[in-house]
Amino acid sequence: DEDSMMRGLSFVSFVGEGLVRYASTQRLQERLARHVKLGALPSLVLALEHKPVITLGKRGTERDLLEDRKDILRRGVDVEVSTRGGEVTFHGPGQVVMYPIISLRDWKIGARKYVESLEDAIIGTLRSYGIEGRGRVPGATGVWVEDRKIAAIGVRISQGISTHGLALNVDPDLSSFSSIIPCGLKDKEVTSMRKEMQLDRACDSSSTTSLASSTPPAPTVSDVQDHLFRNLSALLGAKEPL
């Protein structure tokens with residue numbers, strides 16, 4: 001559609017500005033969505049890193065917590081109920097979180113195509129770093145490397161406006177996922193870009209050099225967010241980023 005092809009997508013990044021509490025971003029998204037719906041703001045994408053938090057989506061329950069809520073809070077991890085779809089996940093430092101707030105109705109993008117575009121933006125970004133991801137997994141929205149989950153997707157679409165979005169594990173503390181059943185999927189491993197790059201290097205290495213000295217540094221959250229935004233903009237048919 002020629003009209004949607006010419007629409008711009010603004011990018012607002014808080015990466016490098018400190019960790020952001022989840023509750024405040026939920027309120028911010030709601031306000032921005034109202035402005036986007038009224039046409040007072042263009043469609044936009046927020047990017048940030050969250051202060052450690054476990055979020056319960058619309059299908060998430062306390063049964064998905066493997067640790068008492070009080071103990072989780074005592075460790076300095078927030079627990080928040082979210083308006084997004086999906087079950088339970090963790091957000092924290094080393095993870096790039098993106099919240100596209102887009103007038104899907106104006107852009108003539110259906111819900112399924114939108115979610116698949118989020119998956120494809122992540123897959124394209126991973127490929128830039130030599131990691132082969134896959135989406136379209138029945139009953140398991142998100143992106144996987146083999147059977148290890150590297151990115152979560154949970155969205156809300158209300159009155160044609162999208163909120164919430166995706167979280168890609170760049171280099172978080174993966175032990176933070178041990179107190180939950182991520183996305184309601186038992187016995188599934190969570191991985192990160194750093195871990196996958198180390199695994200690839202270990203498999204490919206035939207020298208006697210130690211893994212620690214031969215492994216390239218993990219990509220930064222800042223670099224990854226830029227790849228993600230460019231890929232998502234192209235997939236949604238946006239013009240050059242604003």
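In this predicted model, strand β8 makes the largest contribution to the lining of the largest pocket, supplying 5 residues. The pocket itself holds about 410 Å³ of space. Its lining comprises 25 residues, and those closest to the pocket centre are G85, G86, T141, I153 and G154. Alongside β8, the strands β5, β6 (95-101) and β9 each provide at least two lining residues. In terms of chemical class, the lining of this largest pocket consists of 12 nonpolar, 9 polar and 4 charged residues.

A helix joins the picture at the second largest pocket, where about 180 Å³ of space is found. Here 14 residues form the lining, with E30, A33, R156, S158 and T163 lying nearest the centre. Two or more of the lining residues come from each of α2 (22-38), β8 and β9. Helix α2 gives the most, with 6 residues. The class make-up of the second largest pocket is 3 nonpolar, 7 polar and 4 charged residues. For readers setting the two pockets side by side, the corresponding counts for the largest pocket are 12 nonpolar, 9 polar and 4 charged.

Attention can now turn from pockets to enclosed space. Searching the whole structure yields 2 cavities of 30 Å³ or more. The largest cavity contains about 80 Å³ of space. It is lined by 13 residues, and T89, A151, A152, N169 and F177 are the closest to its centre. At least two lining residues come from each of the strands β5 (88-91), β8 (148-158) and β9 (161-169). Once again β8 appears at the head of the list, as the largest share of the cavity lining, 4 residues, belongs to this strand. Sorted by class, the cavity lining contains 8 nonpolar, 4 polar and 1 charged residues.

Taken together, these spaces are conveniently followed along the strands. Strand β8 supplies at least two residues to the lining of the largest cavity, does likewise for the largest pocket, and gives two or more to the second largest pocket. Strand β9 can be traced in the same way, through the largest cavity, the largest pocket and the second largest pocket. Strand β5 is among the contributors of at least two residues to the largest cavity and to the largest pocket. As for the leading contributors, β8 has the largest share in the largest pocket and in the largest cavity, whereas α2 gives the most to the second largest pocket.

How values were computed: Residues are numbered from 1 along each chain as its sequence is written. This is a predicted model: local features need pLDDT of at least 70, side-chain atom pairs count only at pLDDT 80 or more; totals for chains, interfaces and linings use all residues. Side-chain values use heavy atoms; hydrogens and water are left out. On a 1 Å grid over the protein atoms alone, a cavity is a set of points where a 1.4 Å probe fits but cannot get out, and a pocket is an open set with protein on both sides within 12 Å along at least five of seven lines; lining residues have an atom within 4 Å of a point. Grid points are joined across faces, edges and corners, and a volume is the space filled by probe spheres set on the points. Ala, Val, Leu, Ile, Met, Phe, Trp, Tyr, Cys and Pro count as nonpolar, Asp, Glu, Lys and Arg as charged, and the others, Gly among them, as polar.
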